[in-house]
Structures are given as structure tokens and as C-alpha cells.
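Got your viewer ready? Load the model, switch on the ligand display, and follow along one selection at a time.

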Amino acid sequence: MAIIETKKLTRTFGSSIAVNALDMSIEVGEAFALLGPNGAGKTTAIKMLTTLLPVSSGEAFICGFSITTQPKNVRRVIGYVPQMLSVDGTLTGMENLLLFARLYDIPSKECKPRVLDSLAFMGLSDAAKKPVREYSGGMIRRLEIAQSMLHHPAVLFLDEPTVGLDPIACKTVWDHILQLKKEYHTTILMTTHLMDEADHLCNRVAFMSRGTLVASGTPQELKDSIQKPGSTLEDAFIHYTSETLSEGNNFSAISRERKTAERSG
Ligand SMILES: Nc1ncnc2c1ncn2[C@@H]1O[C@H](COP(=O)(O)OP(=O)(O)O)[C@@H](O)[C@H]1O
Ligand SMILES: [Mg+2]
């Protein structure tokens with residue numbers, strides 16, 4: 001059974017179509033990447049799936065629950081790490097997580113052990129009592145992932161999990177995402193514009209361009225499909241999205257991206 005299923009999922013803003021009739025089906029335990037340039041519609045798709053943004057038309061189901069008619073059920077089974085900063089810099093890592101444990105209705109007796117477990121799992125035990133403003137970008141990202149998995153969600157949404165991080169911080173975030181998949185069998189839907197990140201973390205990827213899903217498959221299938229010896233996922237991406245690539249990278253998209261990078265970096 002598909003744990004995430006979208007049916008012609010669509011979102012418009014005025015006359016522009018941010019997500020255009022998206023059809024996707026993701027199985028339990030998969031790690032799936034939505035890949036696309038800035039402005040492709042990745043964040044908008046995730047916001048609809050996490051019930052934070054109403055759909056314009058179409059439908060989606062998470063663990064069999066409708067995002068349009070059963071949003072409360074959906075929220076109980078998902079975790080979400082947004083593209084923007086989602087932790088409070090003035091609180092310690094531990095305090096941030098305790099706050100969220102209460103938000104997720106975790107029974108009060110279980111809060112502390114659950115928080116300590118999550119911190120340990122993300123490699124943050126030593127930093128638990130430091131204010132988050134003293135954390136590095138990679139540590140903040142790991143804290144945000146710890147926060148999103150406190151209630152042991154079946155599905156985790158990660159929106160550009162390594163944006164603005166240096167290669168070493170990226171690697172530790174990647175390692176922890178892979179460990180999460182292995183130990184908790186969490187189904188992961190992530191977005192990125194880094195082809196090597198998707199290739200490394202995900203068993204299946206989809207290319208999005210201007211709101212439309214243009215190709216999907218395993219990284220190997222997509223590389224093979226362009227019939228160019230030794231091609232990379234990046235070659236496949238350029239092949240499928242080249243007509244639209246430069247137009248997605250407009251000034252407002254880039255300035256938004258930079259701001260996010262600064263905040264998390
Ligand atoms: N709240 C909003 N109001 C108007 N337009 C928006 C809004 N959010 C996103 N968009 C537009 O929708 C398109 C897709 O944006 P987004 O989903 O953020 O793309 P991505 O995450 O792939 O960079 C862009 O053209 C963007 O400008
Ligand atoms: Mg985005």
C-alpha cells in the first residue's frame with residue numbers, strides 16, 4: 001500500500017500554478033526526493049501534504065488519511081522539517097524539544113526520556129544544555145530533525161535539509177537521515193536541488209519543473225533513460241528540465257534561498 005498518494009494535487013497563487021496536477025505514489029519505507037530548481041513548487045507541494053496550505057484542487061492521502069478532510073489525522077502521523085528555521089535560538093536544545101513534546105501530546109512522563117533519546121539519536125547529547133544560538137548550522141538542522149521525530153512519525157517531510165550547510169555538516173545530516181530510515185523505517189519525502197544528495201539518500205526521485213512532475217524513477221533508471229554513457233543524475237535532470245531551468249532561478253527565488261541559508265548557516 002502507498003503511504004503517500006497524491007492525485008492531481010494542484011495549488012495556484014492568483015494566475016500562476018505553483019503545483020500542477022501532481023500524481024505520486026510512495027511506498028512504506030521509501031526515501032523519495034522531489035528535485036527541482038528554485039520556484040519549481042517543491043515547498044508548496046510539501047506544505048499541502050503537511051496540511052499547512054489548502055489545496056486548490058486534487059487530493060492526497062497520507063497513511064490513508066485525506067489531507068483535505070482528515071487533516072488532524074494526517075498531522076498525527078507526520079513530522080515536518082521546514083525549509084525555514086523552526087527552533088528557538090534563545091532556548092537550549094533540550095528546552096526546544098520539551099516544548100515540542102508537549103505540543104505533540106506525548107504523555108508528560110514520557111517527554112523527558114523521549115527528548116533524551118531523540119537528542120542522543122541525532123548526536124546532540126553533549127550540546128543539549130547549550131542555547132541553540134551557539135549551535136552550528138549542521139547541529140541546528142539535526143535538532144530540527146530530532147524535533148520532528150519526537151512522536152515517532154510514520155512519514156517525515158524534509159524541505160531542503162542541508163541548504164546552507166558546509167560539506168562536513170551535510171555529511172553528518174545525511175548519516176543521521178540514513179540511520180533514521182534504518183532504525184525507525186520512517187518513510188521520507190524530501191526536497192533538494194542537490195542531485196548528489198538525492199542520489200545518496202533516496203531510492204526514488206522525481207524531477208519537478210515549473211510545478212509539473214516531468215520524470216520519476218530510481219536514480220539509476222533516470223540516468224539510464226537519457227542514453228548517454230556515464231551520465232549522472234545531474235545530466236538527467238538537465239535533460240528533463242532544460243527548457244525551464246533558467247526561468248525558475250529568478251531573483252525573488254534566489255533571494256529567498258539566500259535568506260534561508262543565512263538563517264540556518
Ligand atoms: N505564498 C505565496 N504567494 C504567492 N506565490 C507563491 C507563494 N509561495 C510560493 N509561491 C510561488 O510558487 C512557486 C513555487 O514556489 P516554491 O514551492 O517555494 O518552490 P521551490 O520550493 O521549489 O523553490 C514560485 O513561483 C513561488 O514564487
Ligand atoms: Mg522550497
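The tour goes from the ligand to a pocket and ends at two single residues.

Before you click, note that this is a predicted model, where local features need pLDDT of at least 70, side-chain atom pairs count only at pLDDT 80 or more, and totals for chains, interfaces and linings use all residues. Residues are numbered from 1 along each chain as its sequence is written, chains are lettered from A and ligands numbered from 1 in the order in which they are written, and side-chain values use heavy atoms, with hydrogens and water left out.

**Stop 1: ligand 1**

Select ligand 1 and show its shell, meaning residues with a heavy atom within 4 Å of it. You should get 11 residues, with G39, G41, K42, T43 and T44 the closest. Four of the shell residues are nonpolar, five polar and two charged (Ala, Val, Leu, Ile, Met, Phe, Trp, Tyr, Cys and Pro count as nonpolar, Asp, Glu, Lys and Arg as charged, and the others, Gly among them, as polar). Color helix 1 (residues 42-49) next: it supplies the largest share of the shell, three residues. Helices here are DSSP runs of H or I with at least four residues, and strands are runs of E with at least two, numbered from the N terminus.

Now look for polar contacts (pairs of N or O atoms within 3.5 Å). The side chain of T43 puts an N or O atom 2.8 Å from an oxygen atom of ligand 1. A backbone N or O atom of G41 sits 3.0 Å from a ligand 1 oxygen, and one of A40 is at 3.1 Å. Ligand 1 alone exposes 560 Å², and the protein buries 64% of that (Shrake-Rupley areas, 1.4 Å probe).

**Stop 2: the second largest pocket**

Which residues are closest to the centre of the second largest pocket? Select R75, R76, I78, Y104 and H151, out of 18 lining residues. The lining has seven nonpolar, six polar and five charged residues. Helix 2 (71-77), strand 6 (78-81), helix 3 (93-103) and helix 5 (137-148) each give two or more residues to that lining.

**Stop 3: T50 and C111**

Pick T50, in the loop between helix 1 and strand 4 (57-62). T50 counts as buried because its relative accessibility is 3%; buried means under 20% relative accessible area, exposed over 50%, partly exposed in between (1.4 Å probe, protein chains only).

Finish on C111 in helix 4 (residues 108-121), which is buried at 7%. Its C-alpha lies 6.6 Å from that of L98, 13 residues apart along the chain.

Key
A polar contact is a pair of N or O atoms within 3.5 Å; within protein, one must be able to donate a hydrogen and the other to accept it, and residues adjacent in sequence count only if both atoms are side-chain atoms. On a 1 Å grid over the protein atoms alone, a cavity is a set of points where a 1.4 Å probe fits but cannot get out, and a pocket is an open set with protein on both sides within 12 Å along at least five of seven lines; lining residues have an atom within 4 Å of a point.
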